[in-house]
Amino acid sequence: MPKRLNTTPRGDGYRMPGEFEPHRGCYLIWPQRPDNWRDGGKPAQHTFVKVAEAISRFEPVTMLVNEDQYDNARGLLPARVRVLECSSNDSWVRDCGATFVVNDAGDLRAVDWEFNAWGGLVDGLYFPWDKDDQIARKMSELEDVDSWRADGFVLEGGSIHVDGEGTLITTEECLLSPGRNPGLSRADIEAKLGEYLGVEKVIWLKNGIYLDETNGHVDNICNFVRPGEVLLAWTDDESDPQHAISAENLAILEAARDARGRKLTVHKLYTPAPILISQAESEGVDAVDGTLPRVEGDRLAASYVNFYTANDAIVLPVFDDPHDADAIALLESVFEGREVVPVFAREILLGGGNVHCITQQVPV
Ligand code: KQY
């Protein structure tokens, strides 16, 4: 039976591997809440099926599903996807799910962060979040691995990326936000990240993608290709507020050294043209007090950086935009040897995230 541990990952010799390292599987959670997903989640469910189909060509996929949607999910998903009943409040397993860590002997364990729906009662996106906060523990038991509960430390998986060699990138906008760990200083947070993920160097970007409702998760703006090499969301359009945000982050990345003392190679991954919520999309979302309204004409936080790195593949959100082709070409060139699988992902974007936010890898 998997245990809850009183030690720390660093003390026990564990580290978080890069997402580009080999996986034994991937988790997703089925979307259904009607105050986040339009039309009762039906269009999003079909897109989640496409993402699960794509990833399951390369590694085993588990879909966690609330009781009332089990039959529908099982009916829509291919037989090779494992479908398990598991309660949740929403469907962002990157953020509420376990972060898996490994040691040099190849053992796997899980970190179970505190989850408070991206800001708790300060600026969180829904209430309650109690079922989501149990997902990481349930995942560790499904994977039959011991876990640590990071009590008193709020963190979402989408707010960090690591290179597996001691370096972590994040944003100040998110990790220093008042709704997460207001009692912790930047140095305290760096110490927690070191303790739980085995990292030695934190590179602090300033802000995430313009209007990102997660307080600027790094997984929408910057990701590692491999140690020493990153992709940064970019636009040349100086009239777009995204330009100044990306330019500030570029300067930080160009000045940075990673944990091994390397300078970083930075690839610019151009964002799609601004994508706005349509009238039908706005009207399809239930207007519930305490959740974000989806207003017609509002701009969505669209970025190609929110891709999932699978075994031998990249599952890439695309938007029916002229930049789609350039994004596919750039990823094919930097991730040589991996197949780039585009998925039209507007329905996930409408819910506030994208492919990376709805997936969580389990390393080998
Ligand atoms: O990681 C993410 N981008 C999650 C977004 C959650 C949005 C909830 N409406």
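Trp148 is a buried residue in this predicted model, with a relative accessible area of 1%. Its place in the chain is strand 6, which spans residues 147-154.

The aromatic partner of Trp148 is Tyr14, which lies in the segment before strand 1 (23-29). Tyr14 also counts as buried, at 5% relative accessibility. The structure holds 10 aromatic pairs, one of which joins these two residues: the ring centres of Tyr14 and Trp148 are 5.6 Å apart. Because their planes stand at 70°, and an angle over 60 degrees counts as edge-to-face, the pair belongs to that class. Tyr14 and Trp148 are 134 residues apart in sequence, so their pairing ties together parts of the chain separated by that interval.

A further pair involves Phe307 and Phe335. The planes of these two rings meet at 80° and their centres lie 5.7 Å apart, so this pair is edge-to-face. Phe307 is found in the loop between helix 9 (279-283) and strand 13 (308-310), while Phe335 is found in the loop between helix 10 (323-334) and strand 15 (339-344). The parts that this pair ties together are 28 residues apart in sequence. Phe307 counts as buried at 0% relative accessibility, and Phe335 is buried with a relative accessible area of 2%.

Aromatic residues also occur in a cluster, formed by Trp37, Phe48 and Trp92.

Two arginines are placed over aromatic rings, as the table shows.

| Arginine | Ring beneath | Distance from the ring centre |
|---|---|---|
| Arg33 | face of Tyr126 | 4.4 Å |
| Arg186 | face of Trp204 | 4.8 Å |

The remaining topic is a charged residue, Asp324, which lies in helix 10. Is Asp324 buried or exposed? Asp324 is buried, yet has no salt bridge. Which side chain of opposite charge is nearest to Asp324? That side chain belongs to Arg346, 11 Å away. Since a salt bridge requires a side-chain nitrogen of Lys or Arg within 4 Å of a carboxyl oxygen of Asp or Glu, Arg346 at 11 Å does not form one with Asp324.

The surroundings of Asp324 do include a polar atom from the backbone: the nitrogen of Asp320 lies 2.8 Å from a polar atom of the Asp324 side chain. Leaving aside residues up to four places away in sequence, Asp324 touches Tyr304, Val318 and Phe319.

How values were computed: Residues numbered from 1 in each chain as written. Heavy atoms only, no water. Phe/Tyr/Trp six-rings, centres within 6.5 Å; stacked < 30°, edge-to-face > 60°. Helix = DSSP H or I, 4+ residues; strand = E, 2+ residues; numbered from the N terminus. Buried < 20%, exposed > 50% of the residue type's maximum accessible area, 1.4 Å probe, protein only. Lys NZ or Arg CZ within 6 Å of the ring centre and 35° of its normal. Lys, Arg positive; Asp, Glu negative; His and termini not counted. Polar contact = N/O pair within 3.5 Å; in protein donor to acceptor, adjacent residues only side chain to side chain. Contact = heavy atoms within 4.5 Å.
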